[in-house]
Amino acid sequence: MIRSHSFLLACLALSVACASNKSQDSENPDAGTYDGFYSETDEGGAADGGSTPADGGNTAATPTERPKPRSSTSTRDGGGRLGKRVTLTTAKPPVSGGDKPRPTPTNLKAEFEVAGMFPTSAPVGSVVEIYGSDFPEDASKANVFIGGKKAEVVEVTPGVIVAKVLAEGKGAAEVGKGTKRMNKRNRAKSQGTFVGTAADGAFGQPRTIVGHGLMGMVYPVDAGATEVPNFNELGAPVALIGVDDLDVPAGEAANGVAGLTQSFGIHFQGSLNIVESGEYEICLAAGDGALLFLDQTPIVDVDGSGATREECEVLFVEPGEYGLDLLYYQGADTEAGLTLSWSKDGGAKETIPAQAFFPPENLRDVATAVDGG
């Protein structure tokens, strides 16, 4: 069986462009389309099994047909070394020190406004970034409500307020200036709606770290889906979620995500920071199905439907920051589960920690586009 999914990462970060119908403004005729990136054929793919395009071209600008990722078992040879399958390198150097400097937004508007928020659905205890302009410079003078409930202001930087969700609720993100009582003159509010939920330990695990973790775009999918859908055909996302890591054991996602308990898909985006070279065994467990890509290279395939199962791939990885895309779906009447783990040089396997992930660099643009959609 050959199936084609669309995949052009330059659009997917603005897959909100897909989501907010703004791709018509692009001069790129391919914006909003992913031409067959997930093909199971070898035609036009990488000559070395997926690590490098056969023509050496720019994969971000010119997507090519690639072989479906191979599954593997974690076998060792007689010398005790993990079997080497793919060498992964990137032109982007690793982030040293563990943290990226957060960019200061440019061209902020003069008027007081809330332009967007991330995430748009999160459990109590999560931190939320509220984007806008003309915010109070002193955190003590910012009065913030998220989902209709009072929130705790954690940090204020130019154009961004970080606040913690304290209670379940549903409503706009609102920022007031310096008074306990907000009115139309001293209040700015988002166009979009935030949903605060109870923490359930699965996709409802609180997001606790700003600047790390991954962004997830949530979509409803067909109840009869039996494989990872073409996310470019799913319309606008119903929510943005943030996760510190991916560690949802089978059956622990009974409450689903963003109000969807069955038949949903999530496109996780961001990057994976590798600071030391070595042989990494990367394992993906999913129910129903998932596909993992690093720098547009197919890495692990757990596509299909059914109970949570795990596949692993062994890579020799050079230091660098690798663009990460993980496409996951949960069909109907099965137990959801999704974990992403690794081990290095034959060591113990562990969940990939939040410190190794960075959200997309255009996170503010994505959140603003979703809020305005």
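**Close-up 1. Gly-171 and its neighbour across the sheet.** Gly-171 sits opposite Phe-194, a residue of β12. This is a predicted model, so take every view here in that spirit. Strand β12 covers residues 194-197, and three bridges hook it up to β9, with the two strands running antiparallel. Step back a little and you get an open sheet of three strands, in the order β3-β12-β9, with mixed pairing. At the edges are β3 (121-123) and β9 (169-171), each of which pairs on one side only. Going from one strand to the next, the twist averages 10°.

**Close-up 2. Strand β14, covered on both faces.** How many residues of β14 (residues 239-243) are buried? Five of its five, so to speak: the strand is mostly covered. On one side you'll find Ala-239, Ile-241 and Val-243, on the other Leu-240 and Gly-242, and all of them are buried. As for company, β14 is joined by five bridges to strand β13 (residues 214-220), and the two run antiparallel. One pair to pick out is Gly-216 with its bridge partner in β14, Ile-241. In general, strands of a sheet pair through backbone hydrogen bonds, either parallel or antiparallel.

**Close-up 3. The disulfide between Cys-283 and Cys-312.** There's one disulfide in the structure, and here it is: Cys-283 joined to Cys-312, with 2.1 Å from S to S. The link is right-handed, with 110° about the S-S bond. Cys-283 belongs to strand β17 (residues 278-287) and Cys-312 to strand β20 (residues 309-317), so the pair ties together parts that are 29 residues apart in sequence. Are these cysteines buried or exposed? Both Cys-283 and Cys-312 are buried.

**Close-up 4. Leu-284 and the residues around it.** Leu-284 is found in strand β17. With a relative accessible area of 0%, Leu-284 counts as buried, because the cut-off for that is under 20%. Which residues does Leu-284 touch, leaving aside its neighbours within four places in sequence? Its contacts include the run Ala-290, Leu-291 and Leu-292, the valines Val-300 and Val-302, and the stretch Arg-309, Glu-310 and Glu-311. Leu-326, Leu-338, Thr-339 and Leu-340 are also in contact with Leu-284. For scale, take Thr-308: Leu-284 and Thr-308 are 24 residues apart in sequence, and 9.9 Å apart in space, C-alpha to C-alpha.

Methods. Residues are numbered from 1 along each chain as its sequence is written. This is a predicted model: local features need pLDDT of at least 70, side-chain atom pairs count only at pLDDT 80 or more; totals for chains, interfaces and linings use all residues. Side-chain values use heavy atoms; hydrogens and water are left out. A disulfide is a pair of cysteine sulfur atoms within 2.5 Å. Helices (H or I, at least four residues) and strands (E, at least two) are DSSP runs, numbered from the N terminus. Buried means under 20% relative accessible area, exposed over 50%, partly exposed in between (1.4 Å probe, protein chains only). Two strands pair if DSSP finds at least two bridges between them. Axes are lines fitted to C-alpha atoms, for helices over the stretch in contact, and angles run from 0 to 180 degrees between N-to-C directions. Contact means heavy atoms within 4.5 Å.
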